[in-house]
Amino acid sequence: MENRKIAFIGAGNMARSIIAGLTSSGYDSSNITATDPNKEQRDLLTTLYDINTTGDNAEAANNADVIVLAVKPQIMELVCGGLTTVDLSNKLVISIAAGISATRLNTFLETEVNLVRVMPNTPALVSKGMSGLYATPLVSDADKTFASQLMQAVGKVCWVNEESGINNVIAAAGSAPAYFFLFMEAMQNEAIAQGFDKETARLLIQQSALGAAEMVIANADIDISTLREQVTSKGGTTAEALRTFNEHQLTEIVAKAMQAAVSRAEEMEKLF
């Protein structure tokens, strides 16, 4: 991975997880700068990762080859307004904000930039993230490679050819951890109702979820449906549980939920 100078505009959880992934994989920390209005937070980042910090967004952006916009969507316009004095023509701009289109970001920055939009998810905090990326036409292959490698510091990546695909990534990955948490929560609650204490119930559920995910990863050449069939004996307990899920239309519920996530993402694009 090229050791370009990176400026993280905003140093929240996602930015910090990427910084941690980069530095732990050997990226030159002297080439990383993060901005935060809070001096205590800046000092903490320097202590933890040995990176540069500043409270001046424009200063950080001016000195960087790559600018990562890592602030909340609600303040993106304000933050970008402070970067309009920066010459962005030869810089790669990466946005990890949901709901803000490339067109809007170009408007905020008052110029058309080399922009990659990234939709990460929260497992990036434990280096198990899944990120979807979209590059505008101006972005070079070298910049796309760099963006991929940046996000691979905290997990896996995939590219979408159309910007609308970012909303589909939100439905399939960005919001997905919450789907699994809800399912695991429901299972834990029922296990407790059946007599297990909370800790044991959680252990049963989390280890089963981890094991199932690892089996999917370890058997990439086998369809997930086939893996399901392999643990479902005809007339057995698993078959009965799955029959109940199907009776209550679990597949249709999941489809509707993911479609609702896409619809909300489309609505959010009109808010900022």
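The structure holds 1 aromatic pair. The rings of Phe183 and Phe245 have centres 5.7 Å apart and planes at 45°, so the pair is tilted; that angle falls between the 30 degrees under which planes count as stacked and the 60 degrees over which they count as edge-to-face. Since this is a predicted model, please read these values as computed from the model's coordinates.

Where do the two rings sit along the chain? Phe183 belongs to helix H8 (residues 176–193) and Phe245 to helix H11 (residues 237–247), so the pair ties together parts that are 62 residues apart in sequence. Phe183 counts as partly exposed, at 37% relative accessibility, and Phe245 also counts as partly exposed, at 33%.

**Charges over rings**

Aromatic faces turn up again beside charged side chains. The charged end of Arg4 sits over the ring of Phe146, 4.7 Å from its centre. Lys144, for its part, lies over the face of Trp159, with 4.9 Å to the ring centre.

**The chain as a whole**

Stepping back for a moment, the chain contains 12 helices and 8 strands. Its C-alpha trace spans about 70 × 40 × 35 Å along the principal axes. Of the 272 residues in the chain, 39% are buried. Among contacts with a separation of 6 or more, 61% are between residues 24 or more positions apart.

**The second largest pocket**

If you like to look for pockets, here is one to explore: the second largest has a volume of about 660 Å³. Its lining has 26 residues, and the closest to the pocket centre are Met14, Val71, Lys72, Pro73 and Ile96. What is the make-up of this lining by residue class? The residues divide into 17 nonpolar, 7 polar and 2 charged.

Several helices take part in the lining of the second largest pocket. Helix H1 (13–24), helix H4 (73–81), helix H7 (165–174) and helix H12 (250–268) each supply at least two residues. The largest share, 4 residues, comes from H12.

**Three loop residues**

Three residues in loops round out the picture, and the table puts their places and accessibilities side by side.

| Residue | Loop | Relative accessibility | Class |
|---|---|---|---|
| Glu110 | between H5 (102–109) and S6 (114–119) | 65% | exposed |
| Leu138 | between S7 (129–135) and H6 (141–152) | 44% | partly exposed |
| Gln249 | between H11 and H12 | 46% | partly exposed |

Which backbone angle makes Glu110 worth a look? Glu110 has a positive phi of about 60°, although it is not a glycine. Gln249 likewise has a positive phi, near 60°, in a residue other than glycine. The loop that holds Gln249 runs between H11 and H12, and those helices have already appeared above: H11 carries Phe245 of the aromatic pair, while H12 gives 4 residues to the lining of the second largest pocket.

Leu138 can be described by its surroundings instead. Leaving aside neighbours within four places in sequence, Leu138 is in contact with Glu112, Val113 and Asn114. The loop between H5 and S6 is where Glu110 is found, and Asn114 is the residue at which S6 (114–119) begins. Leu138 and Ala11, by contrast, are 127 residues apart in sequence and 27 Å apart in space, C-alpha to C-alpha.

Note on methods:
Residues numbered from 1 in each chain as written. Predicted model: local features only at pLDDT ≥ 70, side-chain atom pairs only at ≥ 80, totals over all residues. Heavy atoms only, no water. Phe/Tyr/Trp six-rings, centres within 6.5 Å; stacked < 30°, edge-to-face > 60°. Buried < 20%, exposed > 50% of the residue type's maximum accessible area, 1.4 Å probe, protein only. Lys NZ or Arg CZ within 6 Å of the ring centre and 35° of its normal. 1 Å grid on protein atoms, 1.4 Å probe; cavity = no way out; pocket = protein on both sides within 12 Å on 5 of 7 lines; lining within 4 Å. Points joined across faces, edges and corners; volume = space filled by probe spheres on them. Nonpolar A, V, L, I, M, F, W, Y, C, P; charged D, E, K, R; others polar. Contact = heavy atoms within 4.5 Å.
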